[in-house]
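Please look over the sequence and the structure below before reading on. The report that follows takes up charged side chains, paired strands, one helix and the cysteines in turn.

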Amino acid sequence: MTTMAQETAAPVTRGSEIRRHELAAFLRSRRERIAPEQVGLPRGTRRRTPGLRREEVAQLSAVGVTWYTWLEQSRDIQVSVQVLDALARTLMLDASERAHLFQLAGATDPTPAASCPSVTPALREVLRALEPIPACIQNSRYDIVAYNRTYALLLGDLDEVPPEDRNCMLLAYTNSDWRAAIVHREETLRLMAARLRASMAGHLGEPAWKMLLKRLEAESPEFRENWERYEVVGTRTKTKEFLNPYVGLLILEHTDLWLGPEAGARMVTYSPKNEETRERLEKLHDIAKGKLTP
């Protein structure tokens, strides 16, 4: 005799099995479309597999070959968001494909591209009204979740950066445009790592924070060195100097405007410290609006 609990569980089990098969097929299809050269691997003369081999995907994603093989075989195994994030990067998934991957795995994507905090129309209007002062909204993890046009060109072209990579720590340590724009880079990056450590104390164990830390440690030896200092500093108003690629040196006063009682989401503004910087910001704003050519 079938119990009511068994009848309820059966559709759930079948649904999970279908998702696992869909996930396996999706991973295979994405793996087979990537040429070895795209990820820095030699093609060789004996390659029969279209695209990447399973062991190559596993190696590039820092997961076990057996485990990844089970994933493509629709085995019933648990997949962490960190692993899904690594697979999405290895397989060069776009935003829609990444969302599909997480949905098939029954997981929530913790990146700002997928889980942006609520940025109200009123806050976006404030960002626009502040022009030509560069301003953005960041969360406590330093993800940039909204910004005005002047800020978009402050350290390069933020619109060209994928949403999941719009993180101040990640950009300052790994993006060549951002790094070139920071005048006192060594000191700035050391203090940024110290601020991240201070912020992370209240978020230990959270997947999104662990993913960010793991990626920074993997991609930046400079970050690893600064992180191992175990320095901690709080937020404060400070002078920043940027060598903007469009208008030259900008001397700005950085201010955090907190959007709630907790030290989480905040609006970050960069006010000009002198008249020359003010004029250059106005020119940068005009460039951002398309009125002037760089």
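Is R215 buried or exposed? In this predicted model, R215 is buried, with a relative accessible area of 16%, and the sections below begin with its surroundings.

## R215 and its network

R215 belongs to helix α11, which spans residues 207-219. Leaving aside residues up to four places away in sequence, R215 touches R89, E164, D165 and L170. With one of these, D165, the side chain of R215 makes a polar contact of 2.7 Å.

R215 is also part of a wider arrangement, in which D85, R89, R98, D165, R215 and E219 are linked in a network of salt bridges. Within that network, R89 and D165 meet through their side chains in a salt bridge with an N to O distance of 3.4 Å. This pair links distant parts of the chain, as R89 sits in helix α4 whereas D165 sits in the loop between α7 (149-152) and α8 (168-174), 76 residues apart. As for exposure, R89 is partly exposed at a relative accessible area of 29%, while D165 counts as buried at 16% relative accessibility.

## Other salt bridges across the chain

Side chains of opposite charge can pair when their charged atoms come close. The structure as a whole holds 19 salt bridges, and two further examples are described here.

D76 and R20 form one of them, with their side chains meeting at 3.8 Å, N to O. Because D76 lies in the loop between α3 (65-72) and α4 (81-90) and R20 lies in helix α1 (residues 4-32), the pair ties together parts that are 56 residues apart in sequence. D76 is exposed, with a relative accessible area of 62%, whereas R20 is partly exposed, with a value of 22%.

In the other example, E97 forms a salt bridge with R33, and the closest N and O atoms are 2.9 Å apart. Here too the pair links distant parts of the chain, with E97 in helix α5 (residues 95-104) and R33 in the loop between α1 and α2 (54-61), 64 residues apart. E97 is buried at a relative accessible area of 12%, while R33 is partly exposed at 38%.

## Paired strands

Strand β1 (residues 135-138) and strand β2 (residues 144-147) run antiparallel and are joined by three bridges. Across this pairing, C136 of the one strand stands opposite Y147 in β2. The two strands make a hairpin with five residues between them, and there Y142 takes a positive phi near 70°.

Further along the chain, strand β3 (residues 238-244) and strand β4 (residues 248-258) also run antiparallel, with seven bridges joining them. N244 stands opposite G248 in β4, and the hairpin that β3 and β4 form has three residues between the strands. β4 has another partner in strand β5 (residues 266-272), with which it pairs in the antiparallel sense over seven bridges. In this second pairing, the bridge partner of L252 is P272 in β5.

## The buried side of α3

Which residues of α3 are buried? They are Y68, T69, L71 and E72. These residues cover an arc of only 155° around the axis, and they therefore lie on the same side of α3. Just after this helix, S74 takes a positive phi of about 65°.

## Cysteines without a disulfide

A disulfide is a covalent bond between the sulfur atoms of two cysteines. A search of the whole structure finds zero disulfides. Why does C136 not form such a bond with C168? The closest cysteine sulfur to that of C136 is the one in C168, and it lies 5.7 Å away, so the two are too far apart for a bond; for a disulfide, the sulfur atoms would have to be within 2.5 Å.

Seen from the other residue, C168 is likewise in no disulfide, and the nearest cysteine sulfur is that of C136. C136 counts as buried at 0% relative accessibility, and C168 is buried as well, with a relative accessible area of 7%.

Notes. Residues are numbered from 1 along each chain as its sequence is written. This is a predicted model: local features need pLDDT of at least 70, side-chain atom pairs count only at pLDDT 80 or more; totals for chains, interfaces and linings use all residues. Side-chain values use heavy atoms; hydrogens and water are left out. A salt bridge is a side-chain nitrogen of Lys or Arg within 4 Å of a carboxyl oxygen of Asp or Glu. Helices (H or I, at least four residues) and strands (E, at least two) are DSSP runs, numbered from the N terminus. Buried means under 20% relative accessible area, exposed over 50%, partly exposed in between (1.4 Å probe, protein chains only). Two strands pair if DSSP finds at least two bridges between them. A polar contact is a pair of N or O atoms within 3.5 Å; within protein, one must be able to donate a hydrogen and the other to accept it, and residues adjacent in sequence count only if both atoms are side-chain atoms. Contact means heavy atoms within 4.5 Å. The arc is that of the directions from the helix axis to the C-beta atoms.
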